[in-house]
Amino acid sequence: MAAPGENLRINGERLWDSLMDMAKIGPGIAGGNNRQTLTDEDAEGRALFQKWCEAAGMTMGVDTMGNMFFRREGTDSDALPVYVGSHLDTQPTGGKYDGVLGVLGGLEIVRTLNDLDIKTKHPIVVTNWSNEEGTRFAPAMLASGVFAGVHEQDWAYEREDAKGKTFGAELDRIGWKGEEEVGARKMHAFFELHIEQGPILEAEGKDIGVVTHGQGLSWTQVTITGKESHTGSTPMPMRRNAGLGMARVLQLVDEIAWSHKPDAVGAAGHIDVYPNSRNVIPGKVVFTVDFRSPDLSVIEDMEARMKAGAQKICDEMELEIEFEKSGGFDPVAFDETCVSAIRNAAERLGYSHRNIISGAGHDACWINRVAPTAMVMCPCVDGLSHNEAEEISPEWARAGADVLFHAVVETAEIVE
């Protein structure tokens, strides 16, 4: 395959302007975004993305999970397309770049090819995956998971948010339920650009992260039940404090993660306490333990030790405990050819780079099951993400999109 010349670069100012325009939809309260999946704001963001893609000459397809696909034709109608993209949905207090950079970076590839009148053998398809974040409808990467055959569509449709609304009903409501069979598309390759969501690249002064692996993830929802009682009048020996039981389990989770340092991590981010009243001892708590590691055996060890230890803690405190696996995926090794395309692009363009393991889950982790896949990362300030203060520089965005452009176009094969 002929590689694009090192002089070929995306339009960094146009990419940045697009990021800022998208950020106007679903603004947060502290400079970020609240554009949660299948909300009115999500629908508005989708419509703007559609407008931009169609203006760039692409045709749209939408599947029954609401995944959006915009196709730029290749010269060989029989050649499988090269896919590129990420997600437009955000956390409730999310930033302006998580996911969005990968979607709009894909759009910028097509805009640049149009500017330069470059044709490729393989079609290029820019993609927005539905509900990557998993905050409103768990689990994360829901629609790409259905696409890859990990989840059943009927099960996905039944996922409920905190108000009891289902994914399927909300997809219908906002008008983005397509007719195309989910998962029917075949890919030549898939590439995803994303901010690192960690501090390594910035700390080491690297422009580009060449993602070789993705950490495996295990989410276990834990429910501890005790007895609600008055905080002032219940003697200490007579308390069945579910909140205290949770605290001791979370201490155990931290100790288990530390025992597998430096690559393993563990914590609980989602916590509900009932009745959550100042003068009532909690009678029930529900929380999700999140363990991650690039080694499957480590994840399995952490899960087993947490369940055994938590059961012992609750037995000793006369509390009931239940465990439910609420999400997860095995560690991912990305396609060596696609990874090399990213590494070679960074070297060709003169960007400093290093291999990196993704600490977060991404749509690419599921798509890797059905197509050759790789990811490119750019730094983010202080490694901060899932926070309205999330920030990157225009230069980082441009470098990441330049590398993405070269990897995608090389794979799609320029027609001389």
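Me: How do you know that the span of helix H3 (residues 100-116) agrees with its 17 residues?

Reply: Happy to go through that one, bearing in mind that this is a predicted model. The expected span is 1.5 Å times one less than the number of residues, so the 17 residues of H3 should cover 24 Å. The C-alpha atoms at the two ends of H3 are 24 Å apart, and therefore the two values agree.

Me: What makes H3 largely enclosed by the rest of the structure?

Reply: A residue is buried when its relative accessible area is under 20%. In H3, 14 of the 17 residues are buried, so the helix is largely enclosed by what surrounds it. Just after H3 comes Asp117, which has a positive phi near 55 degrees.

Me: Why is Asn131 called buried?

Reply: The cut-off for buried is under 20% relative accessible area. Asn131 has 1% relative accessibility, so it counts as buried. This residue is in the loop between strand S5 (124-128) and helix H4 (142-147). Its phi is near 50 degrees, a positive value in a residue other than glycine.

Me: And why is Glu413 called partly exposed?

Reply: Partly exposed lies between the 20% and 50% limits. Glu413 has a relative accessible area of 24%, so it is placed in that class. Glu413 sits in the loop between helix H12 (394-412) and strand S17 (414-415). Glu413 also has a positive phi, near 70 degrees, and is not a glycine.

Me: Which residues line the largest cavity?

Reply: The lining consists of Thr37, Asp42, Arg46, Leu88, Asp89, Asn128, Trp129, Ser130 and Asn131. The volume of this cavity is about 30 Å³, and the structure holds one cavity of 30 Å³ or more.

Me: How does that lining divide into nonpolar, polar and charged residues?

Reply: There are two nonpolar, four polar and three charged residues in the lining of the largest cavity. Leu and Trp count as nonpolar, while Asp and Arg count as charged.

Me: What is the peptide bond between Lys261 and Pro262, cis or trans?

Reply: Lys261 and Pro262 are joined by a cis peptide bond, with omega about 5 degrees. Pro262 is in the loop between helix H8 (242-258) and strand S10 (265-274).

Me: Where is Pro275 found, and what is the omega of the peptide bond from Tyr274 to Pro275?

Reply: Pro275 belongs to the loop between S10 and strand S11 (280-281). The bond from Tyr274 to Pro275 is cis, and its omega is near 0 degrees.

How values were computed: Residues numbered from 1 in each chain as written. Predicted model: local features only at pLDDT ≥ 70, side-chain atom pairs only at ≥ 80, totals over all residues. Heavy atoms only, no water. 1 Å grid on protein atoms, 1.4 Å probe; cavity = no way out; pocket = protein on both sides within 12 Å on 5 of 7 lines; lining within 4 Å. Points joined across faces, edges and corners; volume = space filled by probe spheres on them. Helix = DSSP H or I, 4+ residues; strand = E, 2+ residues; numbered from the N terminus. Buried < 20%, exposed > 50% of the residue type's maximum accessible area, 1.4 Å probe, protein only.
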